[in-house]
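Me: I'm new to this structure and would love a close look at a single part of it. Could you pick one spot and walk me through what surrounds it?

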Amino acid sequence: MGLRASVVVCVTSFLLGSLFTHWIADSLTLWKSPVTDEHLWTAAQYYSILTKGPVQILYALFTVIVLGGTTIFWSLRDGEAGNLMFDGGSIVLYGTTVIMYLYSVIPSLADKFTSIPAHQTQDAFPRSLRIPTLDLASKHLICSVALTGVLILQAGRWWAELADGDEEDSGYLEEKAADETDQSESEPRTTSS
């Protein structure tokens, strides 16, 4: 696996890990049935904590995202068919994740969760926060699936390049064997008397 593919895999894995940290909140609203007010309050509190984090974390995350996107686009520059297919698909999935996070998740967090009302866990969950809380979990899941697709495409690219390398090696060996056969047939035979 080349350096570029390694960078893409590492960046994508890092971003997936970042999304998986939200599992604390997302699992309560996506995978628990029925979704109770207590689950929603727990998720909303988690998202509220995220909005109060240091802004440097966002800058670091943005830097990692730019590194990953730049590396995928760099691979496309080669113009090889495998790069166009695998990296083209990776760009679509990666771009979908970035666009969804920038234009949907971050604005929703900033708009709805910077200050949640004081409450007890038994209190009724406000209707104005219910849909945004459920939507955040769904969008995190969509981003996770898209980034998993990037990893699958990069693994497919590696496998295809590995198969191409094996074909080139076997072709070289067949060509070498044919050359040796031609050389041995063209050498004059000496007979002993």
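Reply: Happy to! Let's start with tryptophan 23, which counts as partly exposed because its relative accessibility is 47%, a value between the 20% limit for buried and the 50% limit for exposed. Please keep in mind that this is a predicted model.

Where does tryptophan 23 sit along the chain? Its place is in helix α2, which covers residues 23-30.

Tryptophan 23 also belongs to a group on the surface. Together with Trp31, Leu141 and Val145, Trp23 forms a nonpolar patch there. The accessible area of these residues together is about 450 Å².

The sequence alone would not make the next pairing easy to spot. Tryptophan 23 and alanine 137 are 114 residues apart in sequence, yet their C-alpha atoms are 8.5 Å apart in space.

For contrast, let's turn to histidine 140, which is in helix α6, residues 127-186. Is histidine 140 buried or exposed? Histidine 140 is buried, because its relative accessible area is 2%, and buried means under 20%. Leaving aside neighbours within four places in sequence, the contacts of histidine 140 are Leu19, His22, Asp26, Tyr47, Tyr101 and Val105. One of these partners, Tyr47, takes us to another helix: Tyr47 is among the buried residues of α3.

Helix α3 is worth a short visit of its own. It covers residues 37-51, and its 15 residues should span 21 Å at 1.5 Å a residue; the end C-alpha atoms are 21 Å apart, so the two values agree. Besides Tyr47, the buried residues of α3 are His39, Leu40, Trp41, Ala43, Ala44, Tyr46 and Ser48. A general point helps when you look at such a list: an α-helix has 3.6 residues a turn, so residues three or four places apart point the same way.

Now let's step back to the whole protein. The protein has six helices and zero strands, which gives the order α-α-α-α-α-α from the N terminus on. Of its 193 residues, 30% count as buried. Its accessible surface comes to about 12,200 Å², and carbon and sulfur atoms make up 63% of that.

Pairs that are far apart in sequence figure in the overall tally as well. Among the protein's contacts with a separation of 6 or more, 78% are between residues 24 or more positions apart.

To return to where we began: tryptophan 23 lies in helix α2 and is part of the nonpolar surface patch with Trp31, Leu141 and Val145, while histidine 140 in helix α6 is buried.

Technical notes
Residues numbered from 1 in each chain as written. Predicted model: local features only at pLDDT ≥ 70, side-chain atom pairs only at ≥ 80, totals over all residues. Heavy atoms only, no water. Helix = DSSP H or I, 4+ residues; strand = E, 2+ residues; numbered from the N terminus. Buried < 20%, exposed > 50% of the residue type's maximum accessible area, 1.4 Å probe, protein only. Contact = heavy atoms within 4.5 Å. Areas by Shrake-Rupley, 256 points an atom, 1.4 Å probe, with all protein chains shown as cover. Expected span 1.5 Å × (residues − 1). Patch = residues over 30% accessible without salt bridge, like charges linked within 9 Å, V, L, I, M, F, W, Y side chains within 5 Å. Salt bridge = Lys/Arg side-chain N within 4 Å of Asp/Glu carboxyl O.
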